[in-house]
Number of protein chains: 2
Amino acid sequence: MLADLIKKNRSYRRFHESKKITISQLRKWLDNARLGASGRNAQTLKYLIVTSDEIREQLFKNLAWAGYLTNWNGPEKGERPAAYVIMLNDNTLGENYFCDDGIAVQNLLLSAVEAGFGGCIIRAFNNEALRKLFNIPPHLDIIQVIALGKPKEEVQIENMKNGNIKYWRDENEVHHVPKRDLNELIIDEL
Amino acid sequence: MLADLIKKNRSYRRFHESKKITISQLRKWLDNARLGASGRNAQTLKYLIVTSDEIREQLFKNLAWAGYLTNWNGPEKGERPAAYVIMLNDNTLGENYFCDDGIAVQNLLLSAVEAGFGGCIIRAFNNEALRKLFNIPPHLDIIQVIALGKPKEEVQIENMKNGNIKYWRDENEVHHVPKRDLNELIIDEL
């Protein structure tokens with residue numbers, strides 16, 4: 001059931017790095033991303049897939065992890081993502097991609113979760129370093145990096161208290177994420 | 001299977017208007033939207049639900065439908081959405097909502113499809129008229145209007161030819177949507 005997939009689709013940041021994801025799996029998930037709605041049907045999003053050990057390592061160095069966990073610099077070797085998808089916007093096809101990025105990444109991540117994997121959307125990265133590393137031409141803008149792998153951590157949803165949006169990790173290494181109550185989100189029912 | 005839901009989740013613009021959607025159903029779908037990832041976990045999105053006949057009619061007047069179907073002004077009475085969700089951004093919680101809008105709307109629409117309904121994201125609307133109609137305070141920005149109902153049209157995915165992104169409706173009133181090939185979207189596999 002979809003609700004179960006959605007609940008299971010948490011932002012995972014530690015993985016069983018040795019559990020590989022194949023290009024063929026990634027292509028299947030990206031085919032689901034491809035079938036998401038697109039503003040003006042322009043379909044401006046492009047993707048770069050990274051699975052090889054060496055390039056994953058170089059990519060990893062240019063990512064920032066979990067802003068609220070100030071004492072944590074990201075996953076250790078062995079717990080790093082087994083694959084990455086870099087989402088780009090082809091600005092020759094359209095500067096405005098509306099909410100296509102969120103739709104596509106959600107299709108991708110739900111697909112990964114259904115297959116027993118999981119991931120995390122990373123928007124804090126060294127843009128110039130990544131452009132150089134992948135020799136990305138000027139007509140492609142980097143939107144986000146999606147880290148993927150077999151999750152090696154537990155993530156729990158909590159009821160938000162006093163408007164505190166910061167997630168935290170407890171003494172058992174469980175990651176807790178406060179969510180606003182539905183009644184706070186619905187401003188009216190007419 | 002998720003891939004089937006994703007394929008079935010097309011942009012529907014004609015509905016069996018008499019087939020109602022309850023507030024309780026909408027709340028369930030919005031609870032799935034609520035559980036999507038959020039940039040900095042800020043969760044700035046808010047929702048306004050519309051199901052009543054009179055307000056739906058007023059809302060409908062302020063929406064633009066299917067830009068490429070130049071001879072069509074939107075669904076006739078009886079084929080209009082049975083419900084709407086207006087997605088707003090609470091700018092006191094954050095000006096930047098990253099791709100949260102796409103993630104949330106995808107969870108919402110996939111939930112609707114799973115329940116036998118469907119919808120369409122509308123980003124072309126009379127902003128000032130809607131703000132006035134719903135008396136929306138300045139701290140809430142309208143992001144999009146999501147039209148929902150029991151689909152009364154067939155939508156087919158086509159392979160895009162010659163980069164032509166325009167969807168079309170054939171003589172049998174079937175709606176065709178060209179999609180780019182996956183190989184066009186993946187720029188490299190490293």
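## Worked exercises

Let's warm up with one residue: A:E173 has a relative accessible area of 42%, so it counts as partly exposed. The cut-offs are under 20% for buried, over 50% for exposed and partly exposed in between, with a 1.4 Å probe and protein chains only.

Before you go on, a word on the ground rules. This is a predicted model, in which local features need pLDDT of at least 70 and side-chain atom pairs count only at pLDDT 80 or more, while totals for chains, interfaces and linings use all residues. Residues are numbered from 1 along each chain as its sequence is written, chains are lettered from A and ligands numbered from 1 in the order in which they are written, and side-chain values use heavy atoms, with hydrogens and water left out.

**Exercise 1.** Find out how confident the predictor is in chain A.

*Solution.* Start with pLDDT, the predictor's confidence in each residue, from 0 to 100. Its mean over chain A is 97, and 100% of the residues there reach 70 or more. Then take the scores of the model: ipTM is 0.98 and pTM is 0.98.

**Exercise 2.** Work out the layout of chain A and decide how compact it is.

*Solution.* First, count the elements: there are six helices and eight strands. Here helices (H or I, at least four residues) and strands (E, at least two) are DSSP runs, numbered from the N terminus. Next, walk along the sequence, and the pattern reads α-α-β-α-β-α-β-α-β-β-β-β-α-β. Now the size check: the radius of gyration of chain A is 17 Å, close to the 16 Å from the globule rule for 190 residues, so the chain is as compact as a globular protein of that length. That radius is taken over C-alpha atoms, and the rule is 2.2 Å times the number of residues to the power 0.38. Along the principal axes, the C-alpha trace spans about 50 × 45 × 30 Å. Finally, 57% of the 190 residues of chain A count as buried.

**Exercise 3.** Check the span of helix α4 of chain A and see what follows it.

*Solution.* The expected span is 1.5 Å times one less than the number of residues. For the 15 residues of α4(A) (residues 100-114) that gives 21 Å, and the end C-alpha atoms are 21 Å apart, which agrees. Look at its surroundings next: 14 of the 15 residues are buried, so α4(A) is largely enclosed by the rest of the structure. Just after α4(A), A:G116 has a positive phi of about 90 degrees.

Now try helix α2 of chain A (residues 23-34): its twelve residues should span 16 Å, and its end C-alpha atoms are indeed 16 Å apart. Its buried residues are A:L26, A:W29, A:L30, A:N32, A:A33 and A:R34.

**Exercise 4.** Locate A:E173 and B:Q43, and look at the phi of each.

*Solution.* Most residues other than glycine have a negative phi. A:E173 is not a glycine, yet its phi is positive, about 70 degrees. You'll find A:E173 in the loop between β6 (168-169) and β7 (175-179) of chain A. B:Q43 also has a positive value without being a glycine, with phi near 50 degrees. B:Q43 sits in the loop between α2 (23-34) and β1 (45-50) of chain B. Is B:Q43 buried or exposed? Its relative accessibility is 7%, so B:Q43 counts as buried.

**Exercise 5.** Describe how chain B relates to chain A.

*Solution.* Two copies of a chain are related by a rotation about an axis and a shift along it. Here, a rotation of 180 degrees with 0.0 Å of shift along its axis superposes chain B on chain A, with an RMSD of 0.0 Å. That is the relation of a two-fold axis. The fit is by least squares on the C-alpha atoms of residues with pLDDT of at least 70 in both copies. Which residue of chain B comes closest to the rotation axis? B:G102 does, with its C-alpha at 1.9 Å. As for the interface, 100% of the interface residues of chain B are interface residues in chain A too, so the copies meet through the same surface.

**Exercise 6.** List what A:L190 touches.

*Solution.* A:L190 lies in the segment after β8 (186-189) of chain A, and is partly exposed at 27% relative accessibility. Contact means heavy atoms within 4.5 Å. Leaving aside neighbours within four places in sequence, A:L190 is in contact with B:L48, B:I49, B:V50, B:T51, B:S52, B:I55 and B:F134.
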